[in-house]
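Q: Could we go through this structure together, one part after another?
A: Certainly; here it is.

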Amino acid sequence: MKLTILGCMGAYPSNNMATSSYLIESDGFKLLLDMGSSSFQNLAKIMEPTDIDALILSHYHHDHIADVGVLSYAFQLKPVLEEKKQKQLTIYAHQQNERFSDLTIPNVSTGIAYNPEEILRVGPFKITFLKTIHPVICYAMRIEDKVSKKVLVYTADSAYLADFITFAKNADMLLADGMLLDGNENHPAHMTSAQVAKIAELADVKEVVLTHLPPFNQETLLQQAKAVNETISFHLAKDLDEYTI
């Protein structure tokens, strides 16, 4: 399973980097997790955007969905402008938001509602969900690859949630919202990097990528995570970085 960071900034693009978006690949299948602002351009740097097999959304905040419409336009217009074969975009999302209906565009894209209480199977991936602590309904995802048998857990956006310890148990990689410095442990929407590190420690996670980053103090976030456990491999997300899981 391969992970490519397409966007990692929290709230708004900065430092020439996009907001939350991640490409997961296995056995030739290409799955996008969220598609924040400026992430389409990063996707286009590494592949033909219309070769994406599916997109799944954690929630409907703009920094996670801003480029969904742009991707849909590519699926709509590239076949006409560039004489490419017509292909429809499949978008998985929860339907507990009025924007769900916007995901379906006739002959362009189809929005499919996932049931967070059930396992979702997309290509080679088995996906389970966990509702996070966030101002809007948001779901973390545990993604198991049936080919490599590896596990990636994506927290999406969340305040600290003890259930992450069980949800991320023995994961090969934790892609986590670690936006905040020590002293912000009671934030209602996001975690500190040290809280992420504690989850990883208790869940026996092998590797952690901190994402949903602020424009400043990123190295401090990394050091505060490492101070919790020096044996876990911690990384700061960066656009176009690749990881083999």
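A: Before the loops are discussed, one term is needed: helices and strands here are DSSP runs, with at least four residues for a helix and at least two for a strand, numbered from the N terminus. Please note also that this is a predicted model.

Q: Okay, how many helices and strands does the chain have?
A: The chain contains six helices and 14 strands.

Q: Where is threonine 132 found?
A: Threonine 132 lies in the loop between strand 8 and strand 9.

Q: Is threonine 132 buried or exposed?
A: Threonine 132 has a relative accessibility of 8%. Buried means under 20%, so threonine 132 counts as buried.

Q: And which residues does threonine 132 touch, leaving out those up to four places away in sequence?
A: With those left out, threonine 132 touches Cys138, Tyr139, Ala140, Thr155, Asp157, Ser158, Leu161 and Phe164.

Q: What about valine 136, where is that found?
A: Valine 136 is in the loop between strand 8 (125-131) and strand 9 (139-145). Its relative accessible area is 31%, and it is therefore partly exposed.

Q: Which residues does valine 136 touch, with the same neighbours left out?
A: Not counting residues up to four places away in sequence, valine 136 touches His59 and His61.

Q: How far apart are valine 136 and serine 72 in space?
A: Their C-alpha atoms are 24 Å apart, and the two residues are separated by 64 residues in sequence.

Q: Switching to helix 1: which of its residues are buried?
A: In helix 1 (residues 39-46), the buried residues are Ser39, Phe40, Asn42 and Leu43. They lie on the same side of helix 1, because they cover an arc of only 160 degrees around its axis.

Q: Why do residues three or four places apart point the same way in an α-helix?
A: An α-helix has 3.6 residues a turn, so residues three or four places apart point the same way.

Q: What is on the other side of helix 1?
A: Gln41 and Lys45 are exposed there.

Q: And what do the buried residues of helix 1 pack against?
A: They pack against strand 1 (2-7), strand 2 (21-26), strand 3 (29-35) and helix 3 (68-81).

Q: Now the whole chain: what is its radius of gyration?
A: The chain has 17 Å, which agrees with the value near 18 Å for a compact globule of 245 residues. Buried residues make up 57% of the chain.

Methods. Residues are numbered from 1 along each chain as its sequence is written. This is a predicted model: local features need pLDDT of at least 70, side-chain atom pairs count only at pLDDT 80 or more; totals for chains, interfaces and linings use all residues. Side-chain values use heavy atoms; hydrogens and water are left out. The radius of gyration is taken over C-alpha atoms; the globule rule is 2.2 Å times the number of residues to the power 0.38. Buried means under 20% relative accessible area, exposed over 50%, partly exposed in between (1.4 Å probe, protein chains only). The arc is that of the directions from the helix axis to the C-beta atoms. Contact means heavy atoms within 4.5 Å.
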